[in-house]
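Reader: I would like to go through this structure with you, beginning with how some of its helices pack. Could you take me through it?

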Amino acid sequence: MQDINCGNITGFASLISRSERIAIVTHMRPDGDAMGSSTAMYHFLSMLGKKNHRIIIPDPFPSYLDFLTSGIPSGAISAHSGDRTGAEEALAGSDLIICLDFNAFHRTDTLADALASSRADKVLIDHHIGPDRDCFAVSFSETEVSSASELLYHIIMEFPQISGDASRLPLSCAASLMTGMTTDTNNFANSVYPSTLAMASALLAAGVDRDKILSELYNRHTESRLRLMGHMMKDLMVITEDGVAYIVLDSKTMQEYDVREGDTEGFVNMPLSIEKVRMSLLLKEEEDRIRVSIRSKKGTSANRCARMFFNGGGHENAAGGRLNKPGDIASIEEAAGYIEKHTHIYLTEHEDNE
């Protein structure tokens with residue numbers, strides 16, 4: 001991990017030490033890794049004696065992640081969509097902004113302009129391809145890690161207060177790091193490296209209750225979510241001759257099953273358990289666009305497909321994007337045809353020739 005070097009660690013530590021007001025920011029529609037890394041950073045700053053630090057998120061996080069905020073004052077987490085003025089004033093008044101789990105300001109959606117205009121020093125901690133390093137005073141950008149939470153773990157281990165001993169971490173910080181890594185690896189199903197397992201082992205030895213984390217993550221869902229999953233797999237999933245499985249969720253279906261943010265987490269991975277499926281896509285209709293999640297098996301690039309045809313990108317086997325309405329398609333009814341046409345082009349003309 002080239003960015004985790006003495007110069008960057010010293011620079012980061014110095015920025016923290018001299019900053020009185022610190023903002024922690026993550027990407028729009030924060031997921032487990034976003035909230036895991038953000039809350040871990042919050043607890044670590046508290047350990048370092050910081051008194052005026054807060055988490056600023058573009059949108060509310062899914063309710064199943066609320067256990068991560070235990071021990072954090074309610075006023076220390078602000079959603080821009082709910083308190084636009086407060087969030088922007090907090091960013092404007094910060095001495096230091098720590099950016100977690102995104103590679104460029106636009107990934108924070110409505111917070112992008114406030115971040116760009118802020119004169120505060122900014123630190124990047126991210127694991128996605130193509131970081132916009134010019135916007136940051138210090139950059140930790142590594143793609144060969146499972147998650148932003150794992151990258152943050154390795155950074156924190158280099159601080160003199162920790163010196164490589166995970167047992168010195170506040171338990172709340174350690175649990176947040178474990179949670180973020182667990183969700184971004186789909187519970188160790190993808191993007192797992194030797195360093196990931198070393199991290200998990202050290203955190204377990206430090207006292208993290210992994211069973212409790214798994215229960216919080218996977219055993220608190222609603223009945224409607226399970227019924228939606230059955231409907232999606234039985235009635236909505238289509239598998240093409242190219243080995244592409246896709247599911248299109250229109251707004252009517254989401255209303256019928258009362259789909260909330262985070263309710264479909266992990267669903268896109270499920271078709272990959274079918275032997276002939278090389279790539280899986282889940283599309284969810286929004287007002288002016290359709291969100292696209294893409295997962296693939298080793299040897300097929302979800303990232304390249306997302307960049308070429310779905311206005312997105314990500315990791316080699318886990319990516320995301322969008323279809324704009326009416327830019328890419330006129331309506332949700334055209335989504336299936338778009339998917340079949342463009343994944344066929346990708347798999348027959350691009351992927352196989354890579």
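**Helix packing, a pocket and two backbone details**

Author: In this predicted model, the axes of helix α5 (residues 148-157) and helix α7 (residues 194-205) come within 11 Å of each other and cross at roughly 70 degrees.

Reader: Are α5 and α7 roughly parallel or roughly perpendicular?

Author: With that crossing angle, α5 is roughly perpendicular to α7, because angles of 65 to 115 degrees count as such. The crossing of α5 and α7 is left-handed.

Reader: Which residues make the contact?

Author: On the α5 side they are Ser149, Glu150, Tyr153 and His154, and on the α7 side Ser195, Thr196, Met199, Ala202 and Leu203. By class, this contact of α5 with α7 has four nonpolar, four polar and one charged residues.

Reader: And at what angle do α5 and α6 pack?

Author: The angle between α5 and α6 is about 145 degrees, and their axes are 8 Å apart. From α5, the contact uses Ser149, Leu152, Tyr153 and Ile156; from α6, it uses Cys173, Ser176, Leu177, Gly180 and Met181.

Reader: How many of those residues are charged?

Author: There are no charged residues in the contact of α5 with α6, which divides into six nonpolar and three polar ones.

Reader: Staying with α6, how do α6 and α8 cross?

Author: The axes of helix α6 (residues 171-184) and helix α8 (residues 210-218) cross at roughly 55 degrees and come within 10 Å. The two helices, α6 and α8, are therefore oblique to each other. Their crossing is right-handed.

Reader: What makes the contact there?

Author: Helix α6 contributes Ala175, Met178, Thr179, Thr182 and Thr183, while α8 contributes Arg210, Ile213, Leu214, Leu217 and Tyr218. Six of the residues in this contact of α6 with α8 are nonpolar, three are polar and one is charged.

Reader: Changing topic: how much space lies in the second largest pocket?

Author: The second largest pocket holds about 280 Å³ of space. It is lined by 14 residues, of which Thr143, Glu144, Tyr193, His315 and Glu316 are the closest to its centre. By class, the lining has five nonpolar, seven polar and two charged residues.

Reader: On to the backbone. Is the peptide bond from Lys325 to Pro326 cis or trans?

Author: The bond from Lys325 to Pro326 is cis, with omega near 5 degrees. Pro326 is placed in the loop between β12 (318-324) and α12 (335-350).

Reader: Why is that worth pointing out?

Author: Most peptide bonds are trans, and most residues other than glycine have a negative phi.

Reader: Which residue has a positive phi, then?

Author: Asp109, a residue other than glycine, has a positive phi, near 60 degrees. Asp109 lies in the loop between β4 (96-100) and α4 (112-117).

Terms used
Residues numbered from 1 in each chain as written. Predicted model: local features only at pLDDT ≥ 70, side-chain atom pairs only at ≥ 80, totals over all residues. Heavy atoms only, no water. Axes fitted to C-alpha atoms, helices over the stretch in contact; angles between N-to-C directions. Helix = DSSP H or I, 4+ residues; strand = E, 2+ residues; numbered from the N terminus. Parallel < 35°, antiparallel > 145°, perpendicular 65-115°, else oblique. Left-handed = near helix turned anticlockwise from the far one by under 90°. Contact = heavy atoms within 4.5 Å. Nonpolar A, V, L, I, M, F, W, Y, C, P; charged D, E, K, R; others polar. 1 Å grid on protein atoms, 1.4 Å probe; cavity = no way out; pocket = protein on both sides within 12 Å on 5 of 7 lines; lining within 4 Å. Points joined across faces, edges and corners; volume = space filled by probe spheres on them.
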